[in-house]
Amino acid sequence: MGILEMTISRANTALVMKSGNDSEGTIGGNPFKTINGAITAINTTGATGITIYVFPGIYDEKIIMPSGNSLRGVSSLTVIIRQQNVGVNTTLLTMGENTRVEDITLLLTSSNHVDLIGVAFPGTTSQTAKIRTTSITVDNSTASTTGTSNVYGVHSFGTGNPPDSVDTIRASVITVNSAGLGIKRALMVNTNANRFNCRDSNLLITNAGGVGSYIGAEVNQAGAQLVIRASTVQGVTADISQTAGMLSISTTNLHNSHANNLGFSTVLQPSMIIWGDPGGLPKGAVRFYRPGSAAVSTTEIFIRLSQKCLLKALSLRAVTGPGISNTDTWTIRKNGIDTPLTVSLTGSQTSTINNNVSVSFQAGDNLLLKVTTSSGTAVSDTVLQVDVF
């Protein structure tokens with residue numbers, strides 16, 4: 001490579017290496033010793049379009065990305081940005097507007113109960129900033145099992161609204177190891193109405209002891225949306241939780257098939273189980289549906305599930321409703337026990353859906369559908385379906 005070619009290729013680059021010198025480092029010239037040395041130079045000049053290119057080493061720094069610039073490591077195996085055994089609330093990396101971070105390892109640890117965030121997405125950064133091929137680990141698993149701390153691998157709390165085609169995080173691993181009480185999340189979306197898209201990533205929560213809330217991914221804000229595609233999510237309390245807002249998943253493995261007993265949406269059409277009764281139901285009775293279309297039975301009719309799954313979105317249509325002052329209720333049962341996944345028709349109502357509850361089933365569990373009718377019911381020609389994810 002000639003001198004001119006080197007000058008051109010490094011013109012918009014800030015090199016960082018352990019042998020560099022922050023006082024002598026320049027954008028497009030001599031290397032910096034620290035990432036923050038390069039960021040200070042960028043902030044001083046107001047430069048944008050700069051790539052901070054980091055060579056192998058361990059960099060004990062907290063990073064606030066300057067807007068309009070990127071940070072790239074030589075390899076996520078050899079470039080590590082970390083803060084170890086912190087004693088105060090700490091955020092390791094804060095994304096700036098129109099920034100990109102890739103090919104690095106982020107490590108934040110503590111033996112104390114302090115609030116920890118691996119990566120923060122404020123403002124509209126869930127729309128304008130991106131993380132790629134990055135390993136994020138946040139760990140205070142050696143803290144006491146009785147203390148309280150909130151620990152997030154990734155926290156999105158701004159107002160960004162990326163389109164469906166823009167992934168905020170992709171091809172990354174997010175791990176949270178914690179102990180004690182508090183909120184523990186690999187990925188949390190809350191505070192403001194914002195959207196966060198995650199793809200091709202692994203999200204993992206582990207609990208070293210304590211009765212906190214340990215969930216892989218959660219959306220907990222009205223108007224917010226979390227979309228997870230082609231990923232694996234593993235929690236302890238639950239894999240995912242649509243506590244408020246909307247959570248959509250597609251071709252994603254929920255390791256424990258647990259959605260915090262709440263509903264969620266799927267991008268692709270899920271499998272379904274359908275029951276139907278072509279006539280009128282008996283009055284004031286408890287009956288059980290057969291799969292397909294047949295008269296209800298006085299005995300329980302079980303369907304054995306061959307693999308773990310989640311049941312959600314129980315829907316019902318009827319030709320006629322129960323009639324005035326009458327209410328009929330249909331209930332999904334697991335292994336002979338009622339679950340919270342139910343629907344009811346009242347009066348002239350002929351259709352309904354419950355999309356707010358999910359129920360976990362394991363391989364070998366038995367599924368059946370029960371109906372409890374009122375004494376004056378006139379309901380007839382019922383068809384029910386439940387989504388299986």
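**Buried cysteines, salt bridges, sheet and cores**

Student: Is C198 buried or exposed, by its relative accessibility?
Tutor: In this predicted model, the relative accessibility of C198 is 1%. The limit for a buried residue is under 20%, so C198 counts as buried.

Student: Which state does the relative accessible area of C309 indicate, buried or exposed?
Tutor: C309 has a relative accessible area of 4%. Since a residue under 20% is classed as buried, C309 is likewise assigned to that class: buried.

Student: How many disulfides does the structure hold?
Tutor: A disulfide requires two cysteine sulfur atoms within 2.5 Å. By that criterion, the number of disulfides in the structure is zero.

Student: How many salt bridges does a search of the whole structure find?
Tutor: The criterion is a side-chain nitrogen of Lys or Arg within 4 Å of a carboxyl oxygen of Asp or Glu. Applied to the whole structure, the search gives a total of twelve.

Student: How many residues apart in sequence are the parts that E218 and R185 tie together?
Tutor: E218 and R185 form a salt bridge whose closest N and O atoms are 2.6 Å apart. E218 is buried at 4% relative accessibility, and R185 is buried with a relative accessible area of 4%. E218 belongs to strand β19 and R185 to strand β16, so the pair links parts whose separation in sequence, in residues, is 33.

Student: Which residue meets R333 in a salt bridge at 2.8 Å, N to O?
Tutor: R333 lies in strand β29 (residues 323-334), and its partner lies in the loop between β26 and β27, so the pair ties together parts 33 residues apart in sequence. R333 is buried at 12% relative accessibility. The partner is partly exposed, with a relative accessible area of 31%. At 2.8 Å, N to O, the residue that meets R333 is E300.

Student: Which residue's side chain meets that of R333 in a salt bridge at 2.5 Å, N to O?
Tutor: The residue in question counts as partly exposed, at 38% relative accessibility. Its side chain meets that of R333 at 2.5 Å, N to O, and the residue is D338.

Student: Which residues do salt bridges with shared partners join into one network?
Tutor: A network arises here where salt bridges share partners. The residues joined in this way are D167, R170, R199 and D200.

Student: Which strands stand at the edges of the open sheet, each with a single partner strand?
Tutor: The five strands of this open sheet follow the order β26-β24-β33-β28-β31, with mixed pairing. Each edge strand has a single partner, so one side of it is left without a neighbour in the sheet. The edge strands are β26 and β31.

Student: What is the bridge partner of W275 in β26?
Tutor: Strand β24 (residues 271-280) runs parallel to β26, and two bridges join them. In β26, the bridge partner of W275 is G292.

Student: How many of the twelve residues of strand β28 are buried?
Tutor: Strand β28 pairs in the antiparallel sense with β31 over eight bridges, where L314 stands opposite N354. β28 also pairs in the antiparallel sense with strand β33 over seven bridges, where A318 stands opposite T382. The strand is largely enclosed by the rest of the structure, because the number of its twelve residues that are buried is nine.

Student: Which residues touch the most other members of the largest nonpolar core?
Tutor: The largest nonpolar core has 60 residues. Strand β19 (residues 213-229) gives the most to this core, with six residues. The residues that touch the most other members are I35 and I52.

Student: Which residues of helix α2 are buried?
Tutor: An α-helix has 3.6 residues a turn, so residues three or four places apart point the same way. The buried residues of α2 pack against β1, β2, β3, β4, β5 and β6. In helix α2 (residues 35-45), the buried residues are I35, G37, A38, I39, A41 and I42.

Student: Which residue, with a positive phi, follows α2?
Tutor: The phi of this residue is near 70°. The residue that follows α2 is G46.

Definitions and conventions: Residues numbered from 1 in each chain as written. Predicted model: local features only at pLDDT ≥ 70, side-chain atom pairs only at ≥ 80, totals over all residues. Heavy atoms only, no water. Pairing = 2+ DSSP bridges. Helix = DSSP H or I, 4+ residues; strand = E, 2+ residues; numbered from the N terminus. Core = buried A, V, L, I, M, F, W, Y, C linked by side-chain atoms within 4.5 Å. Buried < 20%, exposed > 50% of the residue type's maximum accessible area, 1.4 Å probe, protein only. Contact = heavy atoms within 4.5 Å.
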